[in-house]
Amino acid sequence: APGQLRIGTLAPKNSLYHRQLMEVGEAWRSAQGEGAKYLVYPDGSQGGETDMARRMRIGQLQGALLSVVGLREIEPSISALQNMPLLFRSWDEVDYVREKMRPAIEKKFLDKGFVVLAWGDAGWVRFFSKEPAVRPDDYRKMKFFAWAGESEQQDIMKSLGYTPVPLETSDILPSIQTGMISAVPATPYFALASQVYATAGHMLDINWAPIVGALVVTKKSWDEMSPAARDALKAAGTRAGLQMRTQARKEVDEAVAAMKKRGLQVHTPNPEQMKEWNTLAEQLYPRIRGKMVPAETFDEVMKLLKDYRAGKR
Amino acid sequence: MRRLPFDEAIASAALVLMTLIPLIEIALRPLHGRGIDNAPLLVQHLGLALAMFGAILAERSGHLTTLGGGLAASRSPRVQQAARIFANASAALLAGMLAAASWAFVASELDAGRELAYGLPVWAVQVLMPVGFAILAVRLGARGAGRAWVGVLTGTGLAAAGFLFARHFDGSSLPLLPFVLWLLAVLLAGAPVFAALGGLALALFWSEGQPLASVPLSHYQITVNPSLPALPLFTLAGLVFARSGAAARLGALFTACFGGGPLGTVAAAAVLCSFFTAFTGGSGVTILALGGLLLPLLRDAGVPERRGISLVTSASALGVLLAPSVPLIMYAIIARVPINTMFLAGLLPALVMVAFLLVFGGYLRRGEAATVERPKADLRRALAAAWAARWEILAPLVAIGSLASGIATPTESAALTAAYAILTQAVAHRELDWALLRRCLADCAQVIGGVMVILGMALGLTNYLVDAGIPDAAVEWAQAALPGKFAFLLALNLFLFAAGALMEIYAAIVVLVPLLLPVAVSYGIDPVHFGVIFLAVMEMGFLCPPAGMNIFFASAMFAKPIREVAVSVLPALLAIFLGALVISWVPEIATWLPRVVGGG
Ligand code: NA
Ligand code: NA
């Protein structure tokens, strides 16, 4: 309904993300004026990320804070930022590429009926396994969790001699406990919160891929807002995005420290092992290009990264 | 073989595929083969086909759940006739509205372009929802018409009227009160529960000017829930055992072990029901599988029929706390507690609950004298009976063993159990032929379809509560109003009781645990202990209208009106509530075992 801003998120109540969303809502409400009402639904109370994307499409929610899992429901090319393993070496590189691609990505979202208000991230994906492992070969004998919805990813893993076990996210913990899977790619924050690290007590310290997210609102609700409310929302979104990015990066380190204290073993590959990982990534890219990531987007990311590294040197 | 009607064909085919696909996945996993693309998603969406066409099948056979009694049971034939016409016409209108709301949902998905597998778009399955509700609307509207063409014409007219009304007013604000009054009348007149519940959910969203598609979206969400395929598959296993000689073999075993007296039979029934529920995931499946077996046994032992129904219905709710029940696993995941800890934590409370049910539910009271002379417990006969029932006794091992060994996911273990039931009864016992299997498939589809439409609509209601921010407001109020831990625990029990009556258990876990757990922790309650309290009280929700699944199942199974079953379980409700209070106030019942065994 007009005059309302309903935002969903999987983030827990009173978490950093939830608090930021409340601030965004408050800023919007005071600018929108008389009768305006905002509601933030934390804890996935409006369903998973796919469900939230659906609830935005039918007009029940006006906005959501989503990771790539939900965002690619709206615009598949977004997976470029998350599905290209070992491509980014630091957050600076992620920030640079995202900043350059932002206008184009945001345009694509607009064409699909969504306005991007803020970009955030939630840490790097690392490998958590029951047995210690540092080299790509060490993982070949393991059974990997793979998202049930992504058959391309499973095909790619199989083509390189890995064993994906497609499961739902809700199956991860029982499956690693019973031994149906023995390795889980996950962010440290997820591993800590889900207790996965308690069974899979070995973490490979590589920045496999960043988890990125964004706060989006539907274009329909955007068009119905007063110009002042739009400006306030945009400004609050930018502030919240900055907060979420800086805080989330700190939380990753805190999560690893907390798990180490409770017995997590962290394995850091030496330069030679790192070279093996990079070789694996090189093998992956042609398989990802045009399949998991649209070819055009893939090439653009590669070019931007080359530019960045050339400029920095 | 009889002609296969389209609803039965689609629902049964979906069920067969839901059994086969996970088995193929288990078989192919060690071979690193390709497997079936997106198998879990495929199985979940087959569940949608099963649910919709199962509901249509249930409608055709007159098995859609109604409230029973009311005006439809009036002594005046004229009132009865009027009530029936009013109920059917209203239900047709409401189902037409649900078809419109579902279509709005599917239309929003057309652009999304998600693919299920093998080029099949997701919307191609989702479209079964508006189609299903439209067929239901036409059929409900056609009920009772003398000539076929009159029925089709009336049904189509009513369905179209509901459809167009909902489409026209979708998004505008309509007043709630007239709807609520109409829906109450509809329910009393004997219309199917799903129509009234769905109507209420629609009316609530209407009152806020929120999109109607929210309701079918919730229905879709629960129907394709990753854990849900376990429900029809365990039901199928239960039905196969119940319809073959398995029930009699288990009955013989229990008679030999416990003797045939009322005390032994009642205790055996309670234990067997909770044990069975543990692996049917706390659904009413136990009632279907064991009801037909236990009720005659109880009757023969001198337990009055109503008390027998009450015992089977309420004891079937108790297994929720016993490993490996799906709600227990689900809580562990949502609350982020290790599953093994939850398994251990639930064991003693489950026993406490069974004891409370037997003692305070009044089931140990002496009944009439036994109608049949029953034998005493006897070891030699027990061993012989155990050997005869060996395949059935092994069934829980198949279910739990495949899970615990890491061979199968919960859905796959349910499929394995269903296949195991079919194979042992067909091959080892030669008691299951094609005709009987077909009947089991159709019955399973009807039960699941009838339950799923109600569940889906109930989840639509739940989503409205969430949408309106009501649970949040309640929690804030509780924090301000409740001074101490004991006051909080008592209020928690009462609140969960109400929630359990209104909500489906999985929705309750998903929605309420993240909201209530932080409050509980702030009162110094351990998350493991909280989970046990939560599930213990939720057990009552199975026995309480309007969302009490066990009442619906029992009413269907024993062919008794819902109201009668609901009244019969009142003593059990009190007993379970007392048990839950004790478990609440003595945390050691839950936390002692995990601490001793695993160090937490
Ligand atoms: Na599952
Ligand atoms: Na319930």
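The following is a short exchange about a predicted model with chains A and B.

Colleague: What makes the radius of gyration of chain B agree with a compact globule?

Modeller: Chain B has 600 residues, and a compact globule of that length would have a radius of gyration near 25 Å. Chain B has 24 Å, so the value agrees. Its C-alpha atoms fill a box of roughly 70 × 65 × 65 Å along the principal axes.

Colleague: And how do you know what to expect of chain A, with 313 residues?

Modeller: The same kind of rule applies: 2.2 Å times the number of residues to the power 0.38. For 313 residues a compact globule would come near 20 Å, and chain A has 20 Å, so this agrees. The C-alpha trace of chain A spans about 60 × 40 × 35 Å along its principal axes.

Colleague: Which helices and strands make up each chain?

Modeller: Chain B has 28 helices and two strands. Chain A has 12 helices and nine strands.

Colleague: How much of each chain is buried?

Modeller: In chain B, 59% of the 600 residues are buried. In chain A, 58% of the 313 residues are.

Colleague: What share of the contacts joins residues 24 or more positions apart?

Modeller: For chain B it is 81% of the contacts with a separation of 6 or more. For chain A, 75% of the contacts between residues at least 6 apart join residues at least 24 apart.

Colleague: What do carbon and sulfur atoms supply of the accessible surface?

Modeller: Chain B has about 22,200 Å² of accessible surface, and 69% belongs to carbon and sulfur. Chain A exposes about 12,500 Å², with 52% from those atoms.

Colleague: How far apart are the mean positions of positive and negative charges?

Modeller: In chain B, 33 positive and 28 negative charges have mean positions 11 Å apart. In chain A, with 43 positive and 37 negative charges, the distance is 0 Å.

Colleague: Why is Asn493(B) called buried?

Modeller: Buried means under 20% relative accessible area. Asn493(B) has 0%, so Asn493(B) is buried. This residue lies in helix 22, residues 485–502 of chain B. Beyond four places in sequence, Asn493(B) touches Ile533(B), Val537(B), Phe577(B), Ala580(B), Leu581(B) and Ser584(B).

Colleague: What makes the pair Asn493(B) and Leu489(B) a polar contact?

Modeller: The cut-off for a pair of N or O atoms is 3.5 Å. The side chain of Asn493(B) reaches the backbone oxygen of Leu489(B) at 2.8 Å.

Colleague: Which residues does Asp443(B) touch?

Modeller: Leu239(B) and Arg243(B), leaving aside residues up to four places away in sequence. Asp443(B) sits in helix 20, residues 434–467 of chain B. Asp443(B) and Gly500(B) are 57 residues apart in sequence and 27 Å apart, C-alpha to C-alpha.

Colleague: Why does Asn14(A) count as exposed?

Modeller: Exposed means over 50% relative accessible area. Asn14(A) has 53%, so Asn14(A) counts as exposed. Asn14(A) is in the loop between strand 1 (4–9) and helix 1 (16–32) of chain A. Its phi is positive, about 65 degrees, although Asn14(A) is not a glycine.

Colleague: Is Tyr118(B) buried or exposed?

Modeller: Tyr118(B) has 56% relative accessibility, so Tyr118(B) counts as exposed. The loop holding Tyr118(B) runs between strand 1 (115–117) and strand 2 (120–121) of chain B. Tyr118(B) is not a glycine, yet has a positive phi of about 50 degrees.

Key. Residues are numbered from 1 along each chain as its sequence is written. Chains are lettered from A and ligands numbered from 1 in the order in which they are written. This is a predicted model: local features need pLDDT of at least 70, side-chain atom pairs count only at pLDDT 80 or more; totals for chains, interfaces and linings use all residues. Side-chain values use heavy atoms; hydrogens and water are left out. Helices (H or I, at least four residues) and strands (E, at least two) are DSSP runs, numbered from the N terminus. Buried means under 20% relative accessible area, exposed over 50%, partly exposed in between (1.4 Å probe, protein chains only). Contact means heavy atoms within 4.5 Å. Accessible areas come from the Shrake-Rupley method with a 1.4 Å probe; for residues, only the protein chains shown count as cover. Lys and Arg count as positive and Asp and Glu as negative; His and the chain ends are not counted. The place of a charge is taken as NZ of Lys, CZ of Arg, CG of Asp or CD of Glu. A polar contact is a pair of N or O atoms within 3.5 Å; within protein, one must be able to donate a hydrogen and the other to accept it, and residues adjacent in sequence count only if both atoms are side-chain atoms.
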